[in-house]
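Good morning, colleagues. Please take a moment with the sequence and the structure on the screen, and then I shall go through the main points.

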Amino acid sequence: MSTVVTKEIIHVTDRCKSCDHCTSVCPTGAIKGRLGEKHYIDHKKCVNCGQCLINCPFGAIVDMSMAEQVKKALADPSKVVVVQTAPAVRVALGEEFGLEPGANVKGKMFAALRRLGFDKVYDTEFAADLTIMEEGTELIHRIFAHVGVPGYEKSGPLPQFTSCCPAWIKYAEDRYPKILPHISSAKSPQQMFGAVAKTYAAQKLNVNPADMYVVSIMPCTAKKYECQREEMIASGFQDVDAVLTTRELAQMIKDAGINFLSLPDEKADRLIGSSTGAATIFGVTGGVMEAALRTAYEILSGQSLGNVEFKTVRGRKPIREATVNIPIKELGKTVPVNVCIVSGLKYVNEVIEDVLAGRSKYHFIEVMNCPGGCINGGGQPIRRDTY
Amino acid sequence: MSEIKGKVLKHSEQTRTMHWIHLICFIILGLTGIGFYFDITSIDNLFGGSANASNVHVWTGVVFTLGPLIYVLFNFEKFAKFIDTITTFTKDDFGWLKTMGGYVPFIKAEHIPPQDKYNAGQKILGLLVIIGCILMIVTGFPMWLLRDTMPAILVWLCWKVHFWTAVILILAILGHFFLAAIHPKSRVEFASMMIDGYVDAEYTSHHNAKWFAQLKKAE
Amino acid sequence: MNIFVERGGITRRQFFKGTGIIAATAVFAGILGKIGIDIFKASDKYIEKRIAGLYTLDERMTIRKSHENPEIIQIYKEFLSPGEVKPLTEKSHHLLHTKYGSEIPELIKELEAHRHHAA
């Protein structure tokens, strides 16, 4: 069953006051209209990131909603509805119920999802760990190919870009097709989860994948576009059927009359629901990088990391860089790995230009569309104090 | 009939020019503002489409700001006197406010206290216009020039303050226009600001008795 | 005919009131600007708080490295690379990897062929 609604996710409504604030927020210049004119979105350029939506002073920008389809699936007894929740949701969902930003409502969130009628409550963080396994190994192979280890000649070029952010992927496809071989072929955690849920989990749970309905709770509006991409059918079905934003989940919880704050803390279901700290930080700019370094370092060096925190990749600056010296067991020498983190799609152009011109010294580059990472995504609670 | 003959020069040429500039700007700003706040396309089209209308709005805003500013710099004495008058409230002013100067039909006004160059109502209007214009300026320019850097909340705040100040100003100015140009008791003043600057001494001795007494003393 | 005109010159009181109101306006604008800058500075504090929230969660996790997740080890051993933990197998390429841009139509054909084959 396909739930294609429209791939044009973000829309400016009639409530637009023509204030022109959004055009400065849009990373791709997709919003048309001068000061005083009603604005509209050029969907060819739009990467569906929703930054305009959360920054509109008048709440005049909206995202296409799949909430009705999800409610229908929940009400359908023949469907096994499986839900996954992204890391950034659990530190922002509480804001919709009066808590401070950053308040951890992980346990209450799982409890609320069960009470909403989801049959299996899993965690996108599991898929984030899976992403690290695949993407990290891919990076290792590319580095091996680069330093001339035999047997890895077919690996892609360096630097490798991350592939978790669907806004970044669409931007690269639209604007820089030449950079595509540099992007990790690993799917985003959301899509890995969908593919694994309808194959591995369906087998284990003894469920016909045709009857399985995969919903993801995302801090992101671009994920709504990603799940509808035509190639995301590896399981033989649309891998992820519907995406709800943090805001939409909060609304569903409120509509269902659930007293969120008084819920007990529950855990995600086992099988594809357990996670690690490395997966948790996927929601922060620099997090995918740090998670990849934790795993790549240990696999390459064969040594256990004493301190798992790579503080040098953390921070809020739009472009950050760091060098990590990794002793590579197979080579018998230490290789400095240069990494770069881009937070805010506006800033990626210069990094790409450097790579295309052969000037880039980096091995691994993380790109996230939203300033600060997924925790500031277009699907997160709208704050009056946004910038 | 009274014995007082002659005329009083109430508003100088520069004051009148400034008033005209402000008046014209105010009308353009009000029209374009109403046009895009309420999405009235016909008003926008009057100024060549919505983007042009907003261009007209912001640049008229510049003139609206600079006009009085230049006036104040070159006519500081007049400005200082004006400010002194409109910020001084005595019991005569409160007396005027109690009877509303006899302008409101259902309030009895047997005795209206003598008034300065501006009566209490005009003083309040003056203060409203000054405070209102400052608010319009401090919210208007950021919405135009800082719209990219301001956080959403500030854009929203400026918008709300700009709108409600505009509502108050437009209502105040409509009242001002009615009394100064239409009301039979006071419309003789129309010419003093809009044309030659003069009012009848006879009229002034009634309506602005305290000021007229000062002028006579100075003679 | 008598023409009455205001005399030039102002009193001290008028001078101070005139300069006073100009100064007051400047101070008022300054205060508003200060408030504006404060709001601007506070406007993205929520991002920092959410970031801190996730890092705190990370610190509290018993396992902090992806390759140590027992369910990850399980899915490789039982499903993706039976018997061992080995990323980038054919199965993981099929399920967990994708292609971009102009290579997508070809990938869709492959995936659809796989679907018919499986059926």
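**Chain A: overall form, interface and two covered helices**

For a chain of 387 residues, a compact globule would have a radius of gyration near 21 Å; chain A has 21 Å, and therefore agrees with that expectation. Please bear in mind throughout that this is a predicted model. Along the principal axes, the C-alpha trace of chain A spans about 60 × 55 × 40 Å.

In secondary structure, chain A comprises 12 helices and 12 strands. Of the contacts in chain A between residues at least 6 apart in sequence, 74% join residues at least 24 apart. Buried residues account for 66% of the 387 residues in this chain.

Let me turn to the surface. The accessible surface of chain A amounts to about 12900 Å², and carbon and sulfur atoms hold 51% of that. Chain A carries 45 positive and 42 negative charges, and the mean positions of these two sets lie 2 Å apart.

Next, the interface with chain B. Here 19 residues of chain A are in contact with 16 residues of chain B. The area buried between the two chains is about 1600 Å², with carbon and sulfur atoms giving 60% of it. Which residues of chain A lose the most area to chain B? They are A:Lys17, A:Leu35 and A:Arg384, which together supply 33% of what that side buries.

I now come to two helices of chain A, beginning with H4, residues 106–115. Helix H4 is mostly covered, with 8 of its 10 residues buried. Among them are A:Met109, A:Phe110 and A:Leu113, and also the lysines A:Lys106 and A:Lys108. What covers the buried residues of H4(A)? Within chain A, the cover includes strands S5 (80–85), S6 (120–121) and S8 (212–218) and helix H9 (246–255); chain C contributes helix H2 (45–60). After H4(A) comes A:Gly117, which has a positive phi, near 105°.

The second is helix H6, residues 166–175, of chain A. It too is mostly covered, and 8 of its 10 residues are buried. The buried residues of H6(A) include A:Trp168, A:Ile169 and A:Tyr171, as well as A:Lys170 and A:Glu173. In chain A, the buried residues of H6(A) pack against strands S7 (160–161) and S12 (364–368) and helices H8 (222–226) and H12 (348–356). From chain C, helix H5 (104–118) joins this packing.

To conclude, chain C thus takes part in covering the buried residues of H4(A) and in the packing around those of H6(A). Thank you for your attention.

Definitions and conventions
Residues are numbered from 1 along each chain as its sequence is written. Chains are lettered from A and ligands numbered from 1 in the order in which they are written. This is a predicted model: local features need pLDDT of at least 70, side-chain atom pairs count only at pLDDT 80 or more; totals for chains, interfaces and linings use all residues. Side-chain values use heavy atoms; hydrogens and water are left out. Helices (H or I, at least four residues) and strands (E, at least two) are DSSP runs, numbered from the N terminus. The radius of gyration is taken over C-alpha atoms; the globule rule is 2.2 Å times the number of residues to the power 0.38. Buried means under 20% relative accessible area, exposed over 50%, partly exposed in between (1.4 Å probe, protein chains only). Contact means heavy atoms within 4.5 Å. Accessible areas come from the Shrake-Rupley method with a 1.4 Å probe; for residues, only the protein chains shown count as cover. Lys and Arg count as positive and Asp and Glu as negative; His and the chain ends are not counted. The place of a charge is taken as NZ of Lys, CZ of Arg, CG of Asp or CD of Glu. Buried area is the accessible area (1.4 Å probe) that two parts lose on being put together, summed over both.
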